[in-house]
Amino acid sequence: MPDPLMYQQDNFVVLETNQPEQFLTPSELLEKLKTTLQRLQIQDLTPDLQKFNTVEAQAQYLLDTSCELDVGTGQYLQWYAVRLEK
């Protein structure tokens with residue numbers, strides 16, 4: 001049986017174009033995703049994101065199911081769950 005510790009997402013490392021890596025909590029990452037999604041055009045989002053009516057729902061879906069968001073040609077936004085302590 002897998003250790004439940006493997007599924008805890010207490011912190012994320014976030015990688016962005018021309019930015020140093022950041023360590024964020026889930027709530028901080030959710031806010032970052034919402035802010036980023038608000039800057040994007042709805043037609044630029046993938047069909048799975050377009051089906052949600054709110055930015056909050058889109059951001060939560062990304063947090064739960066993905067590790068990157070297409071933010072434009074030559075740019076990236078990626079996040080990975082990390083454990084900061086043993």
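Leaving aside its neighbours within four places in sequence, which residues is threonine 36 in contact with? Let me set the scene, then answer.

What you see is a predicted model. The chain has 86 residues. It holds three helices and four strands. Follow the sequence and the order is β-β-α-α-α-β-β. So much for the layout.

Now some totals. Buried residues are 27% of the chain. The accessible surface is about 6,200 Å². Carbon and sulfur atoms own 49% of that surface. Next, contacts. Take those with a separation of 6 or more. Of these, 46% join residues 24 or more positions apart.

Back to threonine 36. Where does it sit? In helix α1. Buried or exposed? Threonine 36 is buried, because its relative accessible area is 5%, and the cut-off for buried is under 20%. And its contacts? Setting aside neighbours within four places in sequence, threonine 36 meets Leu69, Val71 and Leu77.

Stay with helix α1. It covers residues 26–39. Look across to helix α3, residues 55–65. How do the two axes cross? They come within 9 Å, at roughly 125 degrees. That angle makes α1 oblique to α3, because it falls outside the ranges for roughly parallel, roughly antiparallel and roughly perpendicular. The crossing of α1 past α3 is right-handed.

Who meets whom here? From α1 come Pro26, Leu29, Leu30, Leu33, Lys34, Leu37 and Gln38. From α3 come Val55, Glu56, Gln58, Ala59, Gln60, Leu62 and Leu63. Sort that contact by class. Nine residues are nonpolar, three are polar and two are charged. The charged ones are Lys34 in α1 and Glu56 in α3.

One more residue, isoleucine 42. Where is it? In the loop between α1 and α2, and α2 spans 47–50. How much of isoleucine 42 is accessible? Its relative accessible area is 47%, so it counts as partly exposed. The cut-off for exposed is over 50%. What does isoleucine 42 touch? Not counting residues up to four places away in sequence, it touches Gln50 and Gln58. Gln58 has come up already: it is one of the α3 residues that meet α1.

To close, put the two residues side by side. Threonine 36 lies in helix α1 and is buried. Isoleucine 42 lies in the loop after that helix, between α1 and α2, and is partly exposed. Thank you.

Terms used. Residues numbered from 1 in each chain as written. Predicted model: local features only at pLDDT ≥ 70, side-chain atom pairs only at ≥ 80, totals over all residues. Heavy atoms only, no water. Helix = DSSP H or I, 4+ residues; strand = E, 2+ residues; numbered from the N terminus. Buried < 20%, exposed > 50% of the residue type's maximum accessible area, 1.4 Å probe, protein only. Contact = heavy atoms within 4.5 Å. Areas by Shrake-Rupley, 256 points an atom, 1.4 Å probe, with all protein chains shown as cover. Axes fitted to C-alpha atoms, helices over the stretch in contact; angles between N-to-C directions. Parallel < 35°, antiparallel > 145°, perpendicular 65-115°, else oblique. Left-handed = near helix turned anticlockwise from the far one by under 90°.
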